[in-house]
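Please open the model in your viewer and keep the selection panel handy. We will go from stop to stop, choosing something to select each time and looking at what is there.

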Amino acid sequence: MCRLLLLLAALPVTVLSRQYAPRLIGGTTVEIKDAPWQASIVIKNEPLCSGAIIMENLILTSGWCVHRVPTSQLKVRVGTSSRSTGGSLIAVCKVHIHPHYALDRYDNDLALLYLCENVTLTDNRVQVVPLASETPNENAEGIVSGWGHTSSSSLCLLWSKMISILARVRLFWIDCLAPRSQQLQQANVKILSWQQCAADRSIFGQFNPIQGLSERTLCTIGVGGTGRGTGACYLDEGAPLVVNGFLVGILGTVGCAGKPDVYANLAQHKSWLKENTK
Ligand SMILES: *[C@@H]1O[C@H](CO)[C@@H](O)[C@H](O)[C@H]1NC(C)=O
């Protein structure tokens with residue numbers, strides 16, 4: 001399967017790849033003090049997603065990241081900019097996925113991870129990020145951080161352009177073809193209207209196999225130029241989007257710098273968050 005797709009991808013991709021910067025995320029390497037709310041979600045000992053520390057004992061991540069994962073196989077690493085070393089590794093005691101999360105929808109892609117013990121807050125390594133209560137304006141600038149793919153793989157590019165619904169199926173073998181960062185990356189992005197996002201994410205005209213772009217989601221593109229060349233990619237899912245120091249979104253679906261990235265709009269999930277964070 002892998003090889004077949006690679007073969008199919010070879011021709012268009014040599015043409016396409018020139019339009020993209022070598023780094024899909026287009027970010028820069030940062031230290032954990034630059035995003036002390038960042039958590040790495042560890043599934044079966046593999047760091048596969050990100051999350052945000054929203055309370056000392058609570059991590060907010062994407063529903064996609066943890067659906068069908070047994071709680072006993074989930075851990076969270078905080079306090080380090082390294083993907084798989086340092087900081088502290090904490091067990092998860094309970095998972096609560098948004099009740100309306102669905103694989104074929106962009107919205108409600110959220111999950112709360114209740115930690116078995118509290119994180120230890122420190123000034124410059126581990127901090128709680130406050131939740132935004134208002135939706136950020138179009139063009140507002142924010143930062144997203146994660147350990148996902150940092151350069152374009154021909155397979156990922158084809159994947160995100162043509163068969164985006166399959167990208168939501170948990171196929172981690174994609175990893176075999178694209179480099180990821182060991183060190184935390186951060187990128188500057190800006191909010192795109194959801195209508196423009198819907199247009200940009202459609203394939204073959206208006207067709208989009210995934211539904212649910214609305215006020216309940218937030219889309220971003222890279223800052224500067226056409227917005228191409230910067231964005232989140234595979235294994236960045238669950239990443240926190242922060243605008244003016246407030247957590248506004250959690251990354252659900254990546255665009256790998258070829259399409260907008262899609263987040264859950266946390267200001268539109270206030271009551272769900274309030275009910276489940278008491
Ligand atoms: C753990 O964190 C929660 C949420 O901030 C807090 O209410 C609780 O008192 C903390 N527990 C301990 C043992 O520090």
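Two residues are in contact if their C-beta atoms, placed from the backbone, lie within 7 Å. Keep that in mind for the helix stop further on. Please also remember that this is a predicted model.

**The whole chain**

Start with everything shown as a cartoon: the protein has 5 helices and 13 strands. Of its 278 residues, 49% are buried. Among contacts with a separation of 6 or more, 74% join residues 24 or more positions apart.

**The barrel**

Now select strands 2 to 7. Together they form a closed barrel of 6 strands, in the order 2-3-4-7-6-5, with antiparallel pairing. From one strand to the next, the twist averages 45°.

Next, select strand 5, residues 74-78. Is this strand mostly covered or mostly open? It is mostly covered, since 5 of its 5 residues are buried. Show the side chains to see both faces: Leu74, Val76 and Val78 lie on one side, with Lys75 and Arg77 on the other, and all are buried.

Add strand 2, residues 38-43, which pairs with strand 5 in the antiparallel sense over 5 bridges. One pair to pick out there is isoleucine 43, whose bridge partner in strand 5 is leucine 74. Then bring in strand 6, which is antiparallel to strand 5 and joined to it by 4 bridges. Click on valine 76 and look across to isoleucine 90 in strand 6, which stands opposite.

Carry on from strand 6 (residues 88-97) to strand 7 (residues 111-115); these two run antiparallel and are joined by 5 bridges. Here lysine 94 has tyrosine 114 of strand 7 as its bridge partner.

**Two loop asparagines**

Select asparagine 45, in the loop between strand 2 and strand 3 (46-55). Its phi is near 65°, a positive value in a residue other than glycine. Asparagine 45 counts as exposed because it has 10 C-beta neighbours inside 10 Å.

Now jump to asparagine 108, in the loop between strand 6 and strand 7. Asparagine 108 is not a glycine, yet it has a positive phi of about 60°. Is asparagine 108 buried or exposed? It is buried, because 20 other C-beta atoms lie within 10 Å.

**The ligand**

Select the ligand and the residues around it: Met55, Glu56, Asn57 and Asn118. Sorted by class, this shell has 1 nonpolar, 2 polar and 1 charged residues.

**Helix 4 and the loop before it**

Move on to serine 193, found in the loop between strand 9 (185-192) and helix 4 (194-201). Serine 193 is partly exposed, because 13 other C-beta atoms lie within 10 Å. Try a distance label from here to serine 214: the two residues are 21 apart along the chain, and their C-alpha atoms are separated by 9.1 Å.

For the last stop, select helix 4 and colour Trp194, Cys197, Ala198 and Arg201, which are buried. Turn the view to look down the axis: the buried residues fall within an arc of 100°, so they line one face of the helix. What covers these buried residues? The cover includes strand 9, strand 10 (217-222) and strand 13 (261-265). Show those strands alongside helix 4 to complete the tour.

Note on methods. Residues numbered from 1 in each chain as written. Predicted model: local features only at pLDDT ≥ 70, side-chain atom pairs only at ≥ 80, totals over all residues. Near = placed C-beta within 6 Å. Nonpolar A, V, L, I, M, F, W, Y, C, P; charged D, E, K, R; others polar. Pairing = 2+ DSSP bridges. Axes fitted to C-alpha atoms, helices over the stretch in contact; angles between N-to-C directions. Buried ≥ 20, exposed ≤ 12 C-beta atoms within 10 Å, placed from the backbone. Arc of directions from axis to C-beta.
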